[in-house]
Structure formats: C-alpha cells, structure tokens
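Biologist: I am new to this model and would like a close look at one part of it. Please start from a single residue, and then work outwards through its surroundings, explaining each term as you go.

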Amino acid sequence: MSSLSLVNVSVGARLSQISAKVAKGTSVHLLGENGAGKSSLLQLIAGLLCADSGDVVYQGQMLKDIPLAQLATLRCFHQQSVQPVFDLPVNEYLGFYLQNYRDLPSPLEHVFELYHLLNKKITTLSGGELQRVELCRSLIQVWPAIGAGEALLVLDEPLQALDIRHQLAFLEYSRQLVDQGNTLVCSSHHIAQSARYADKIWCIQAGKLIAQGGAEDIITPHILKRTYQCHFDVKRHANTWQIDALGASDPP
Ligand SMILES: Nc1ncnc2c1ncn2[C@@H]1O[C@H](COP(=O)(O)OP(=O)(O)OP(=O)(O)O)[C@@H](O)[C@H]1O
C-alpha cells in the first residue's frame, strides 16, 4: 500500500508536474543541486505548501483534508535551518514537546548523544549539536506514531552539520525506523550515503522529478550529470559507494 502519492503536482515555478508514490516502510532520499526544489517538495509532502494543481494523497486521504492537529501526530517536518528563539536549556526546550513522556525516549538520547547537552543553553550549541537537538525534537513530535510504525518523517537535510559518526548513527537509526514500518522522505547532499541507505532515490532538477528508482539504477554517471550538471566517477563496493565529482567541464 502507498503511504503517499503525488499526482501531477505543480507549485508555481518551484515544482512542475511531479508524480510519484512512496510505499509504507520505505525511505526516499531527494538529490539535486541548490534551488532544484527539494525543500519545496518536502514542504508540500509535509502539508506546509499548497499545490497549484494536482493532488497529494496520504494514507488514502487527500492531504489538504487532514486537519493539521491530526497531521501533526502522524508526520514531522525537520526544517533545513532553525534559529533558536528561546534561551533555554536543552532539556527544558525538548520538555515542551515531550507532552505525556516524563523523560526523553532513550533511543533518541542515545542516537543523538544528548546526555552532556541537556543542561546547556540551546543558544550556545554548535551547529551540529543544534542539528542533533532539532532532529530529536522532530522525532519526539510523532513518537507514538513512530512506535506504532505509522509515522511519516519528512526531514530536510538531516545530515547537514553532523560529523561522520553522527551521520552514520542517524542513518542506521532511520533504517531501523523504516524497517519498523515508518516512512522517511528526506533531502541530501551526501550522494554516497544516500546510495547506501535509501530504498529509493528521487533526482530533482529545476523543479522536475527527472529520475526515480533504486540506487543501482539511479546512481550512474549519466543520471548524476543530468542532476548536478557535473561529471562523476561512480564505483560500487560491497555495500558502500565511492562517488567522485570530476567537475563541470568535460573530462579529458
Ligand atoms: N517561499 C518561496 N517563495 C518563492 N520561491 C521560493 C520560495 N522558497 C524557495 N523558492 C524558490 O524555489 C526554488 C527551489 O527552492 P528549494 O528551497 O526548494 O531548493 P532546494 O533544492 O531545497 O535547494 P538547496 O539545496 O539550496 O536547499 C528556488 O529557485 C528558490 O529560490
């Protein structure tokens, strides 16, 4: 069953006639150059941007007909950059979102290694520390749905600012969440990590979905060149990928 269907969706000059399906319990990574439309598509999927034409259907219901309060229990949206406005310690900030939970769910505390950050003021965190707190906050919002394997996780550049250890910890954890039935749609500028961890990759170029499929079909020099206007050398190892960008001009 499809968790999410996009049917011929357009938004101004930002997205043009996008049609795709996301099965429940799968992960989709969006690749594309700056300004291609990845964030716009994620905002649309999260119900935060209205389509000019076409439909977004989530679990058999038109997304625009789902009350925001209900949607907020089913899907979370992690923004690409968040400026903290509250000068609060991290534990008090996250406490706003915990609702009926007394403590931070331990998998989140563990994956995002928040132990030593909990008493720090949120305004004093490094970029990567803030990213870990914000990812944690996004997942807390839908924690009951995650537990039931019913959540839709819409994450704009979740790997941004994370060091490599925290990138891998997040990617491994998101794989577990997807294997439990949750659905993940995220954007990424880390092509090799996406090739390794995504079930499906969507390539966005100038607001159009120009290619979609598994990594073995999509992560090719030809499709990456169409996506990024850049030449690539691609090598696949056992379960990792080596992807070298060779530059915009023709290779010698
Ligand atoms: N609120 C807005 N109103 C009008 N145009 C917008 C708005 N937000 C973004 N755009 C435009 O839509 C296009 C797609 O932007 P978007 O943020 O979706 O790109 P992106 O693929 O996420 O890029 P990046 O990799 O730089 O994050 C860009 O041309 C951008 O200038």
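**A buried glutamate and its surroundings**

Modeller: Glu-134 is buried, because 22 other C-beta atoms lie within 10 Å of its own; a residue counts as buried with 20 or more other C-beta atoms within 10 Å, as exposed with 12 or fewer and as partly exposed in between, the C-beta atoms being placed from the backbone. Please keep in mind that this is a predicted model, in which local features need pLDDT of at least 70 and side-chain atom pairs count only at pLDDT 80 or more, while totals for chains, interfaces and linings use all residues. Residues are numbered from 1 along each chain as its sequence is written.

Glu-134 has its place in helix α5, where a helix is a DSSP run of H or I with at least four residues, a strand is a run of E with at least two, and both are numbered from the N terminus. Once neighbours within four places in sequence are left aside, Glu-134 is in contact with His-78 and Val-82, contact meaning that the C-beta atoms of two residues, placed from the backbone, lie within 7 Å. The C-alpha atoms of Glu-134 and Ser-81 are separated by 9.3 Å, with these positions 53 residues apart along the chain.

The helix around Glu-134 is itself largely enclosed by the rest of the structure, because 13 of the 15 residues of α5 are buried. Helix α5 covers residues 127–141, and at 1.5 Å a residue it should span 21 Å, which agrees with the 21 Å between its end C-alpha atoms; the expected span is 1.5 Å times one less than the number of residues.

Burial of this kind also appears in the strands. Val-22, which has its place in strand β2 (residues 15–23), counts as buried because it has 22 C-beta neighbours inside 10 Å. The C-alpha atom of Val-22 is separated by 8.0 Å from that of Thr-183, a residue 161 places away along the chain. Gln-17 also has its place in β2, but Gln-17 is partly exposed, with 14 other C-beta atoms within 10 Å, and it has a positive phi of about 45° although it is not a glycine.

Strand β9 (residues 200–205) is mostly covered, five of its six residues being buried. On one side of the pairing, four bridges join β9 to strand β3 (residues 27–31), and these two run parallel, with His-29 having Ile-201 as its bridge partner in β9; two strands are taken to pair if DSSP finds at least two bridges between them. Strand β9 is also joined by five bridges to strand β10 (residues 208–213), and that pair runs antiparallel, with Leu-209 in β10 as the bridge partner of Ile-204. The hairpin of β9 and β10 has two residues between the strands, and Ala-206 there takes a positive phi near 50°.

From these strands the picture leads on to helix α10 (residues 221–228), whose buried residues are Ile-223, Leu-224, Thr-227 and Tyr-228. Seen down the axis of α10, these buried residues fall within an arc of 115°, so they line one face of the helix; the arc is that of the directions from the helix axis to the C-beta atoms. What covers them includes β3, β9, β10, α9 (215–218) and β11. Gln-229 follows α10 and has a positive phi, near 55°.

Strand β11 (residues 231–236) is joined by six bridges to strand β12 (residues 241–247), and the two run antiparallel. One of these pairings gives His-231 the bridge partner Gly-247 in β12, and the hairpin that joins β11 to β12 passes through four residues.

A last stop is helix α1 and the ligand. The buried residues of α1 (residues 38–45) are Lys-38, Leu-41, Leu-42, Leu-44 and Ile-45. They cover an arc of only 160° around the axis, which puts them on the same side of α1. Lys-38 is also among the residues that surround the ligand, which include Arg-14, Asn-34, Ser-39, Ser-40 and Gln-80; a residue is near a molecule if its C-beta atom, placed from the backbone, lies within 6 Å of it. The shell around the ligand divides into one nonpolar, seven polar and two charged residues, where Ala, Val, Leu, Ile, Met, Phe, Trp, Tyr, Cys and Pro count as nonpolar, Asp, Glu, Lys and Arg as charged, and the others, Gly among them, as polar.
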